[in-house]
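Reader: I should like to understand the terms applied to this structure and the reasoning behind each of them. Please set every value against the criterion it has to meet.

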Amino acid sequence: MRMMTLIIALFAVLAFPLFCSTPPADAADRDPFANGSMRLSVLVGNGYAFDESYFILGVGFGYYLVNGLELGLDIESWLGASPGITKISPAVRYVVPTDGPIRPYIGAFYRRTIIDSYDDLNSVGGRAGIYFMSGRGSYFGAGVVYEKYLSCDTAIYNSCDDTYPEITFAIAF
């Protein structure tokens, strides 16, 4: 499990320069949600589980199969507390085409959560929000996520569902 965490951390560190670099010249003129566009994301955050505070580090990749429709895969590692937690999430997202800088989105995901010394936990969820085009092939997003844990044991977990905000900044390529 710790090897997986190290691999995720290394990938995140190596991917970080992509977000600091200038996007290709045609990215400024391109719709970031167009057929063939890709998303590479790095997640850095904080989370709470098992009455512990965790530092969250993750990476993700998405590909737009057709205009507005993305298939993606995200991986998170929750670090700094025990038990260790890793989350793997395939997802689908649809970004509504508009003529303006505001783009609503909706999506669904399945998540496999691997928890050291516990049975793996599966969940399904949905998300909705708004992306704001910020120019130069980048966008900012704000939304809400609902997640329902399957086969959840309330003797172990405080809750079997969760609702939380999501904030996004991305560069399309």
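**Burial, pairing and the sheet**

Author: Arg93 has a relative accessible area of 10% and is buried. The model is a predicted one.

Reader: Why is Arg93 called buried?

Author: The term buried requires a relative accessible area under 20%. Arg93 stands at 10%, so the residue falls within that limit.

Reader: What makes the contact of Arg93 with Glu70 a salt bridge?

Author: A side-chain nitrogen of Lys or Arg must lie within 4 Å of a carboxyl oxygen of Asp or Glu. For Arg93 and Glu70 the closest N and O atoms are 3.1 Å apart, and the criterion is therefore met. Arg93 belongs to strand β4 (residues 85-95) and Glu70 to strand β3, so the pair ties together parts that are 23 residues apart in sequence. Glu70 is also buried, because its relative accessible area is 2%.

Reader: Which residues are linked with Arg93 and Glu70 in a network of salt bridges?

Author: The network links Arg39, Glu70, Asp74 and Arg93. Within it, the side chains of Arg39 and Asp74 meet at 3.2 Å, N to O. Arg39 is part of strand β1 and Asp74 of strand β3 (residues 69-79), so this salt bridge ties together parts that are 35 residues apart in sequence. Arg39 and Asp74 are both buried.

Reader: How do you know that Arg103 and Asp31 form a salt bridge, and what does the pair tie together?

Author: Their side chains meet at 3.2 Å, N to O, and the limit is 4 Å. Arg103 is found in strand β5 (residues 102-115), while Asp31 is in the loop between α1 (2-20) and β1 (38-49), so parts 72 residues apart in sequence are tied together. A search of the whole structure finds 7 salt bridges.

Reader: Why is Arg103 called buried, and why is Asp31 called partly exposed?

Author: Arg103 has 10% relative accessibility and so counts as buried. Asp31 has 30%. Partly exposed is the term between the limits of 20% and 50%, which is why it applies to a residue at that value.

Reader: What makes the aromatic pair of Tyr131 and Tyr139 edge-to-face?

Author: Two values have to be considered. The ring centres must lie within 6.5 Å, and the planes must be over 60 degrees apart. In the structure, 8 aromatic pairs are found; in the pair of Tyr131 and Tyr139 the centres are 4.8 Å apart and the angle between the planes is 65 degrees. Both conditions are therefore satisfied. Each of the two residues is buried, because the relative accessible area is 3% for Tyr131 and 3% for Tyr139. Ring pairs join Tyr131 and Tyr139 with Phe33, Tyr64 and Tyr105 in a cluster.

Reader: How do you know that strands β6 and β7 pair?

Author: Pairing calls for at least two bridges between the strands. Strand β6 (residues 121-135) and strand β7 (residues 138-150) have 13 bridges, in the antiparallel sense, so the requirement is fulfilled. Opposite Tyr131 stands Gly141 in β7.

Reader: What is the strand order of the sheet, and why are β1 and β8 placed at its edges?

Author: The open sheet of 8 strands has the order β1-β2-β3-β4-β5-β6-β7-β8, with antiparallel pairing. Strands β1 and β8 (161-171) each have a single partner strand, so one side of each is left without a neighbour in the sheet. Neighbouring strands are turned by 25 degrees against each other on average, direction ignored. Along the protein chain, the elements run α-β-β-β-β-β-β-β-β from the N terminus.

Reader: Why is Tyr164 called partly exposed, and which residues is Tyr164 in contact with?

Author: Tyr164, in strand β8, has 24% relative accessibility and therefore counts as partly exposed. Leaving aside neighbours within four places in sequence, Tyr164 is in contact with Phe109, Arg111, Gly143, Val144, Val145 and Glu147. Tyr164 and Val145 are 19 residues apart along the chain, and their C-alpha atoms are separated by 5.4 Å.

Reader: How many of the residues in the protein chain are buried?

Author: Of the 173 residues in the protein chain, 40% are buried. The accessible surface comes to about 9,400 Å², and 65% of this belongs to carbon and sulfur atoms.

Key:
Residues numbered from 1 in each chain as written. Predicted model: local features only at pLDDT ≥ 70, side-chain atom pairs only at ≥ 80, totals over all residues. Heavy atoms only, no water. Helix = DSSP H or I, 4+ residues; strand = E, 2+ residues; numbered from the N terminus. Buried < 20%, exposed > 50% of the residue type's maximum accessible area, 1.4 Å probe, protein only. Areas by Shrake-Rupley, 256 points an atom, 1.4 Å probe, with all protein chains shown as cover. Phe/Tyr/Trp six-rings, centres within 6.5 Å; stacked < 30°, edge-to-face > 60°. Axes fitted to C-alpha atoms, helices over the stretch in contact; angles between N-to-C directions. Contact = heavy atoms within 4.5 Å.
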